[in-house]
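Let's take a friendly walk through one sheet and one patch of surface. Have your viewer ready and follow along strand by strand.

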Amino acid sequence: MSVIATEGKKVSDLLVNELWADLGYCRTTYTYNGAAKTFAIGDLVTAVGGTPAAAANITGIVLQSVTAPLNTNTTLTVIEKGPAVVKGGGIVLGALTLPNVTTQLKTMGIAVLETI
């Protein structure tokens, strides 16, 4: 049987809860300007939209899928502080490990549910 359609990743695949979501309290925007890149929901980023080399460099988690053209200011919506809860399975870890990422996010007030 062939596939008719696939559904992309949604914010609810990552974000369980955030305090004062209607005010955007836990969210902010970053401006990325660099190499052409596609950001996915759950990507871990630094303050300038880069890929963190170590968990200690994480400053946010991307909340929208965005394709950034080469050297063009691209706005990323990220969750950068808590109180908030995310699903461990929704985080795009890359070369990082979940325990290290969980430790860093905890310092930011973001709890990670590893069983979801």
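The paragraphs below start with the sheet, then follow the chain across it, and end at the surface.

Keep in mind that this is a predicted model. Begin with the open sheet, where 3 strands line up in the order E1-E8-E9 with mixed pairing. Its edges are strand E1 (15-18) and strand E9 (110-113), each of which pairs on one side only. From one strand to the next, the twist averages 15°.

What makes up the mixed pairing? Strands of a sheet pair through backbone hydrogen bonds, either parallel or antiparallel. On one side, E1 and strand E8 (residues 84-87) are antiparallel, with 3 bridges between them. You can pick out two of the partners by eye: Glu-18 is bridged to Ala-84 in E8, and Leu-15 to Val-86 in E8. On the other side, E8 and E9 run parallel and are joined by 4 bridges. Here, Lys-87 has Leu-113 in E9 as its bridge partner. To get from E8 to E9, the chain passes through helix H1 (residues 98-107), giving a β-α-β crossover that is right-handed.

Now turn to the loop between E1 and strand E2 (27-32), where you will find Trp-20. Is Trp-20 buried or exposed? The answer lies in between: its relative accessible area is 45%, so Trp-20 counts as partly exposed, a class that runs from 20% to 50%. Together with Leu-19, Leu-23 and Tyr-25, Trp-20 makes a nonpolar surface patch of about 420 Å².

Key: Residues are numbered from 1 along each chain as its sequence is written. This is a predicted model: local features need pLDDT of at least 70, side-chain atom pairs count only at pLDDT 80 or more; totals for chains, interfaces and linings use all residues. Side-chain values use heavy atoms; hydrogens and water are left out. Two strands pair if DSSP finds at least two bridges between them. Axes are lines fitted to C-alpha atoms, for helices over the stretch in contact, and angles run from 0 to 180 degrees between N-to-C directions. Patches are made of residues with over 30% relative accessible area and no salt bridge: like charges are joined within 9 Å, nonpolar side chains (Val, Leu, Ile, Met, Phe, Trp, Tyr) within 5 Å. Accessible areas come from the Shrake-Rupley method with a 1.4 Å probe; for residues, only the protein chains shown count as cover. A salt bridge is a side-chain nitrogen of Lys or Arg within 4 Å of a carboxyl oxygen of Asp or Glu. Buried means under 20% relative accessible area, exposed over 50%, partly exposed in between (1.4 Å probe, protein chains only). A crossover is right-handed if, with the strands pointing away from the viewer, the path from the first strand over the helix to the second runs clockwise.
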